[in-house]
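Trainee: I should like to work through this structure by question and answer. May we begin once the sequence and the structure are in view?

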Amino acid sequence: MIYQRFCKKIMHSPTTFSKSKGCCIHLGRLAPLGIFLLFLAMSFCVGRTMTPISQVQEQVLPQEIAPDGSRFVHFQDQDISLSEITPYYQSPLHPSNLNKLTLKQELPEQDLARRIGSDGRPQVLKLSVVRHWGGWSLLPALTAIILCFMLKEPLTALLGGLLVGGMLIGQYDVTRLLVNSIGQPGSAILLILYLWLLGGLSGIWGKTGAAQAFARFLSRHCVKGPVSAKLVTWTLGILMFQGGTISAVLVGTTVTPVADQEKISKEELSYIVDSTSSPVAVLLAFNAWPGFVQPLLIVSGVSFLATESDRLKFFFQCLPLSFYAILAVMGTFLLSIDKAPFIGRQMKKAIKRARSTGQLSALGSRPLASREIDNSSGDYQPWVLEFVLPLGVLIGTALVTFWLRGAPQILWAFSAAFVLAGGIALMRGMSLNDLMGGVVEGLESVVLGSVIILLAVTMGHMSQQTGGGAFLVSLLSERLLSVYWLLPALLFGLSIVVAFSTGTSLGTYAVVYPLAMPLAWSLTLGLGLEESSAWLFMALCFACVLNGAVFGDQTSPISDTTILSALCTGCDLMDHVRTQLPQAMAMAAIATVLWTLLAFFGCPQP
């Protein structure tokens, strides 16, 4: 039972609330259970008594031209001709066809419609029904985040958030939510990659001693102390720009043995890995991110966002305005060379502890990966190339497939590295039983992290069903901003809240951009800004959403990037979250000031 996990949290402490019948209950530990039960009751009552608010979101889809000259759009893995699409006024999701009665009925979740745009050209709209319960939609994510910080244990917190969300949407069987989530292709890939391949590869390296041999090799030839070890970590983070999760896995797996030998605290290492994952993927955007974001930027009547090439050009032109990502990457560089201008108190404490005592993790921490993963066979001589060759194949496969297919095939990369590492060990004399023993130990070391990742993905699906992100965006878009130069900062804050509460940056883009960009353009028209000022204002709003989602995703305890950074470096998840927040918040504050000043002085109202 899930409730038993909460009860176990409050049943072992010498400070007691009641000692009758030998029961020892810590008074302070009743608070998380009380908050959970309160939120559970509130979500149940709201779900049973309140009718969700339905809204229809419009997104203009890019069109393609067939060989015969006809136009079509790609929708749900199908090519659909414009002649097959219903006119907008006939769509069941057209505003004139919606009223209080129809909004309470079953509506199609998505629909396509065509209309003539303001430029006289035909447009294809993807109409999506989004439902939310107002501010109550944030209750599941709020429950998970609050319990994470109070219990310092993400598994229980995520389960609590799922229970609250299930009560809100009327899905009382949480196991069905989990089964549906596991059945998604993305969830299956996560389990295969992070449980089987990552755990198995780490187990083989631990059994052969290859990881420690590589660490000793770097220590002799490249790494001469903590500073150079951190610089190697930072450099690898820059080179792995294919995506946030990919960078966290590759860099964390590579540098952990070296960093452990140089007495770099787990908190410091996981922060460097995390802050050079998504921020670098934004700045060096030669990955799948521009292709995902550009269809979300279509705004009717905006010439510099008219075609796909225009939107991609706009994406890359705006990258110099990604002040948070730039500051995050530069901040970790200064931390790597021990010249950081600001370090939070807890991070300073972790650095001092590791350097002076060699204790890499705090007392009482619960690393997501086992400390006993390095259990090499006694009669087996480790070879440094057993680490270098599989790692080279892993990185090379990711880069080559990115170049050939436009997206790195990370499953292929890890599969090839796993097979090569096992094959080398067998050819060098390790028995199959010893090899499989190492694989099993590696799998055991990442079970907890894999379960947390699965729950975090399920929590993201739950947030989409409750409509928390849609509520936050509508809250802002419904208000006319008299101080227009504050809009970039407000969009940055909004994206942070959405990403922090959902644990996904790409999901935040899908929610915020379709409403934020038209809102920004409508303000430029209403204010009569000059063309150059209008472009700059749109670019600032775009950059703020882009960076706000990265900040929220990077710092959220329910984000896959945050979890993987802790998992692959062997850090306690909540230790990682708490120690990186002060530095990230300082960078975000500086970036917000820069965006606001640039909007105020760079986009003057005529």
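**Helices, cores and salt bridges**

Mentor: In this predicted model, nine of the 10 residues of helix α25 (residues 560-569) are buried, so the helix is largely enclosed by the rest of the structure.

Trainee: Which residue just after α25 takes a positive phi?

Mentor: Consider both ends of the helix. At the start of α25, a side-chain oxygen of S559 comes to within 3.2 Å of the backbone nitrogen of T561. Just after α25, a positive phi of about 75° is taken by G570.

Trainee: Which helix gives the most residues to the largest nonpolar core?

Mentor: That core holds 59 residues, and those touching the most other members are F314, Y324, Y509, Y513 and F542. Several helices each supply at least two of its residues, including α14 (308-317), α15 (323-336), α23 (505-527) and α26 (573-602). With 15 residues, the helix that gives the most to this core is α24.

Trainee: How many residues are in the second, separate core?

Mentor: In soluble globular proteins, nonpolar side chains tend to be buried together. C568, one of the buried residues of α25, is included in the second core, as are V249, L394 and A398. The size of this separate core is 35 residues.

Trainee: Is L385, in the nonpolar surface patch, buried, partly exposed or exposed?

Mentor: The patch consists of W383, L385, V388 and L389, which together have about 290 Å² of accessible area. L385 is found in helix α17 (residues 385-405). Its relative accessible area is 31%, and L385 is therefore partly exposed.

Trainee: Which strands are the edge strands of the open sheet?

Mentor: The sheet has three strands in the order β2-β3-β4, with antiparallel pairing. Two bridges join β2 to β3 (residues 71-75), and I65 stands opposite R71 in β3. Each edge strand pairs on one side only, and these strands are β2 (64-65) and β4 (78-81).

Trainee: Where does K263, a residue other than glycine with a positive phi, lie?

Mentor: Most residues other than glycine have a negative phi. For K263, phi is near 60°. With a relative accessible area of 41%, K263 is partly exposed. Its place is the loop between α10 (244-261) and α11 (266-275).

Trainee: Is K230, the salt-bridge partner of D338, buried or exposed?

Mentor: D338 also has a positive phi of about 60° although it is not a glycine, and the side chains of D338 and K230 meet in a salt bridge of 2.7 Å, N to O. The pair links distant parts of the chain, with D338 in the loop between α15 and α16 and K230 in helix α9 (residues 226-239), 108 residues apart. At 46% relative accessibility, D338 counts as partly exposed. At 1%, K230 counts as buried.

Trainee: How far apart in sequence are the parts tied together by R353 and E267?

Mentor: R353 forms a salt bridge with E267, and the closest N and O atoms are 3.0 Å apart. R353 lies in helix α16 and E267 in helix α11, so the pair ties together parts separated in sequence by 86 residues.

Trainee: Which residues are joined into one network by salt bridges that share partners?

Mentor: Take first the salt bridge between D575 and R578 (2.6 Å, N to O). These residues are three apart in helix α26 and therefore separated by about one helical turn. The network formed through shared partners joins K230, E268, D338 and R355.

Methods: Residues are numbered from 1 along each chain as its sequence is written. This is a predicted model: local features need pLDDT of at least 70, side-chain atom pairs count only at pLDDT 80 or more; totals for chains, interfaces and linings use all residues. Side-chain values use heavy atoms; hydrogens and water are left out. Buried means under 20% relative accessible area, exposed over 50%, partly exposed in between (1.4 Å probe, protein chains only). Helices (H or I, at least four residues) and strands (E, at least two) are DSSP runs, numbered from the N terminus. A polar contact is a pair of N or O atoms within 3.5 Å; within protein, one must be able to donate a hydrogen and the other to accept it, and residues adjacent in sequence count only if both atoms are side-chain atoms. Patches are made of residues with over 30% relative accessible area and no salt bridge: like charges are joined within 9 Å, nonpolar side chains (Val, Leu, Ile, Met, Phe, Trp, Tyr) within 5 Å. Accessible areas come from the Shrake-Rupley method with a 1.4 Å probe; for residues, only the protein chains shown count as cover. A salt bridge is a side-chain nitrogen of Lys or Arg within 4 Å of a carboxyl oxygen of Asp or Glu. A nonpolar core is a set of buried Ala, Val, Leu, Ile, Met, Phe, Trp, Tyr and Cys residues joined through side-chain atoms within 4.5 Å. Two strands pair if DSSP finds at least two bridges between them.
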